[in-house]
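The report below describes one protein chain, moving from its overall make-up to its strands, its core and a few individual residues. Please read it alongside the sequence and the coordinates.

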Amino acid sequence: MNGSPGRRRRRIVARSLAAAVVPVAIAAGCSISTDDTPRGLAVSTTTTSAPASPTSGGASAQLWYVLDGSLVPVSASLPDHLLSTVMGSLFDAPDTESVGRDLTTSVPVDTKVEHLDLADGTLTVDLSAEFDNLVGPSRQQAIAQIVLTATEFPSVERVRFRVDGTAVPVPTPTRGDAPTVSECDYASLLADPVEMAQAGVTLNAIQRTQARAADLERHCDNTG
């Protein structure tokens, strides 16, 4: 996605992970605190690398979850790679066997995606009224999860939100509430690779986070 002159975006620093840190060590008893009411994902795996291909379903997609307030990608196996399927899966109860240690989601389980409309690079996401029950840091994290997941698709450049059919501005880390947002607005929320390694997040997720950070640094304005 190319940055447009009209948008303010924050410079991010692409984080690098030293080769010595790559063999991910899982710290015993490591846990995270939660903001407001994020839902913990009970997991039993301590895997340090993801399988090369999905073990079920017909397509692989990247869904973004929360690690101690920061965003981490998780590979999900889905029936197909349609935008509606990928976005809908983010609002489903997470598959606890496919996520890394200590991850949570701030997307409310009772919220539904009522409608998706993509036109000229802008995706409008219409959510059910339950989404308005989410406030504070958890609301911003949930928006970031949705935006980073949606913009995995090259055709999605910007995202607008509606709640029960009414357009709503959404929180960003640097611009306050904004009517239209992009992945660049949430670049600062990408998790730090070293912290991801310490938390036992998969090597695959660490590498994908580094790649996303580097891509955002190349394409986002550095004037905001």
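## The core around Phe161

Phe161 touches Val125, Leu127, Ile143, Ile146, Val147, Thr166, Ala167, Val168, Val170 and Val181, when residues up to four places away in sequence are not counted. In this predicted model, Phe161 and Ile146 are the residues that touch the most other members of the largest nonpolar core, which has 54 residues. At least two residues of this core come from each of β2 (59–67), β3 (70–78), α1 (83–90), β6 (122–127), α2 (137–150), β7 (158–163), α3 (193–198) and α4 (203–219). The largest contribution is that of α2, which gives seven residues. As a general background to such a cluster, nonpolar side chains in soluble globular proteins tend to be buried together.

Helix α2 also holds Arg139. With a relative accessibility of 13%, Arg139 counts as buried because the value is under 20%. The residues that Arg139 touches, leaving aside those up to four places away in sequence, are Phe131, Asp132, Leu134 and Pro171.

## Overall make-up and confidence

The chain contains four helices and 11 strands. Of its 224 residues, 46% count as buried, and the chain exposes about 10,300 Å², of which carbon and sulfur atoms supply 48%. Among contacts between residues at least 6 apart in sequence, 68% join residues that are at least 24 apart.

The mean pLDDT of the chain is 77, and 69% of the residues reach 70 or more. Over residues 1–57, however, the pLDDT is below 50, although this stretch has 134 contacts in the model beyond near neighbours in sequence. Where pLDDT is low, the predicted coordinates should not be read in detail.

## Strand β6 and its partners

How many of the residues of β6 are buried? Six of its six residues are buried, and the strand is accordingly described as mostly covered. The cover extends to both faces, with Thr122, Thr124 and Asp126 buried on one side and Leu123, Val125 and Leu127 buried on the other. This division between two sides can be set beside the general rule that side chains in a regular strand alternate between the two faces of the sheet.

β6 pairs with β5, to which it runs antiparallel, through six bridges, and within this pairing Thr124 of β6 is the bridge partner of Asp117. β6 also pairs with β7, here in the parallel sense and over six bridges, where Thr124 has Arg160 of β7 as its bridge partner. Between these two parallel strands the chain passes from β6 through α2 to β7, and this β-α-β crossover is right-handed. Elsewhere along β6, Leu123 stands opposite Val159 in β7.

## Strand β7 and its antiparallel neighbours

Besides its parallel pairing with β6, β7 is joined to two strands that run antiparallel to it. Three bridges join β7 to β8 (residues 166–168), and in β8 the bridge partner of Phe161 is Val168. Val168 is also one of the residues that Phe161 touches. Two bridges join β7 to β11 (residues 180–181), with Thr180 of β11 as the bridge partner of Arg160.

## Aspartates with positive phi

Most residues other than glycine have a negative phi. Against that background, which residue of the hairpin of β7 and β8 takes a positive phi? That residue is Asp164, with a phi near 55°, in a hairpin that has two residues between the strands. The hairpin of β5 and β6 likewise has two residues between its strands, and there Asp120 takes a positive phi near 55°. Asp120 lies in the loop between β5 (113–119) and β6, and is exposed because its relative accessible area of 77% is over 50%.

Asp68, found in the loop between β2 and β3, also has a positive phi, near 50°, in a residue other than glycine. With a relative accessible area of 48%, Asp68 is partly exposed, because this value falls between the 20% and 50% limits.

Technical notes: Residues numbered from 1 in each chain as written. Predicted model: local features only at pLDDT ≥ 70, side-chain atom pairs only at ≥ 80, totals over all residues. Heavy atoms only, no water. Core = buried A, V, L, I, M, F, W, Y, C linked by side-chain atoms within 4.5 Å. Buried < 20%, exposed > 50% of the residue type's maximum accessible area, 1.4 Å probe, protein only. Contact = heavy atoms within 4.5 Å. Areas by Shrake-Rupley, 256 points an atom, 1.4 Å probe, with all protein chains shown as cover. Pairing = 2+ DSSP bridges. Right-handed = clockwise from strand over helix to strand, strands pointing away. pLDDT = per-residue confidence, 0-100.
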